Amino acid sequence: MTFLPKWLTFLKGKEVVIANAIIAILTIGGQQLFSFFTFSCPCHVGQNLIYGLAFLGVPALILLVIGYALNNQTWRLVTGKRSPLLAESTWNQLLQCKLTCFVLCSITGRALVAPVTWLAVTLINGSYYVCAVSEYVSAYYYGDIPNVTISERQRILAAFPCSQLVPPELSRARDEVILLLRYQSQVAGWLLIAVVVITVFLSYCLASCLSPLSFLHFRYWTSYVHNEQELFDEATDQHSKLYAMKHVKKFFGFVPGNENINEIRIPSLREWQAISGLAFLKLVDEEHYDYSLLHDWALKDSADRKYLKLDEDP
């Protein structure tokens, strides 16, 4: 019975590592399915390179953008930067710039997990690379390649990824070219993994060395930030609910969920029109906004209102 709590204690504080591992696993699975169902090399001069590089780079770019978009720190970094209140801040500009760079590096590190995994897996697989560069292989070392023009040689080499398009007399040369390209692709994939692992390790070591906190103090700070965010989210939900409830009560005359309702308010046509339609934040003063049309109406509404007793006939 104590096995599970021990594992939960061990995993606490390692949410980032677990999330990155899950993202990598999902990316690997998605890449395998993507390759199986969609990848089909055109085996044509001029098209192989574009097709192969597109399958290598475009999904990685999309995953990178998604990684940025799904990180809350991205929106915390960019939201409200044009606010006039920010211009009045007395923050040290150099310190602000350093903090922004640090957060941006952290966001980028998280966002790169999926695209780097995609590139590494596709390079180790080798199919995309073989398709992309097959027509550019130097064929002088393969005696089976006929002595033809350069354009004809490129056409023959471009067909190598598609075994059904290769003449039988060139099967051996094709096998050798495919082995060479897979070797290059897989070496590049493992080099990419090695470079990323070493870079991440050295980055963590450098960040730990430069940290002003001790190891236990850093763990406490991490736990504090996590708990503070959870409590803040709970308080935000409750505060906004209570604030919205106040305005809803003013419009309808009762609090939702209250079972002892003796009377309700009958909004007028003008009031219905006032809270209907599209709305955005409305600046009330230098530091406050109206969040909705109902919010704006509730702050401006007079005390005159029509009520209906529920124990009376309408």
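This section describes the nonpolar cores of a predicted model, followed by two individual residues, C43 and E135.

In the predicted model, the largest nonpolar core comprises 12 residues. Its members are V130, A132, V133, V137, I156, L157, F160, V166, L170, V177, I178 and L181. Helix 8 (127-133), helix 9 (150-158) and helix 10 (171-210) are the elements that each contribute two or more residues to this core. Another core, made up of 11 residues, lies apart from it; F55, W118, Y128 and C131 are among the residues of that second set.

An unusual backbone geometry is found at C43, in the loop that connects helix 2 (15-38) with helix 3 (48-69). Most residues other than glycine have a negative phi. C43, although not a glycine, adopts a positive phi of about 55°. The residue has a relative accessible area of 8% and is therefore classed as buried, the cut-off being under 20%.

A charged residue, E135, is located in the loop between helix 8 and helix 9. E135 is buried but forms no salt bridge. The nearest side chain of opposite charge belongs to R155, at a distance of 11 Å; because a salt bridge requires the nitrogen and the carboxyl oxygen to be within 4 Å, this pair does not qualify. A polar atom of the E135 side chain does, however, lie 3.4 Å from the backbone nitrogen of G46. When residues up to four places away in sequence are left aside, the contacts of E135 are H44, V45, G46, N48, L49, Q154, L157 and A158. One of these, L157, is also a member of the largest nonpolar core.

Note on methods: Residues numbered from 1 in each chain as written. Predicted model: local features only at pLDDT ≥ 70, side-chain atom pairs only at ≥ 80, totals over all residues. Heavy atoms only, no water. Core = buried A, V, L, I, M, F, W, Y, C linked by side-chain atoms within 4.5 Å. Buried < 20%, exposed > 50% of the residue type's maximum accessible area, 1.4 Å probe, protein only. Helix = DSSP H or I, 4+ residues; strand = E, 2+ residues; numbered from the N terminus. Lys, Arg positive; Asp, Glu negative; His and termini not counted. Polar contact = N/O pair within 3.5 Å; in protein donor to acceptor, adjacent residues only side chain to side chain. Contact = heavy atoms within 4.5 Å.
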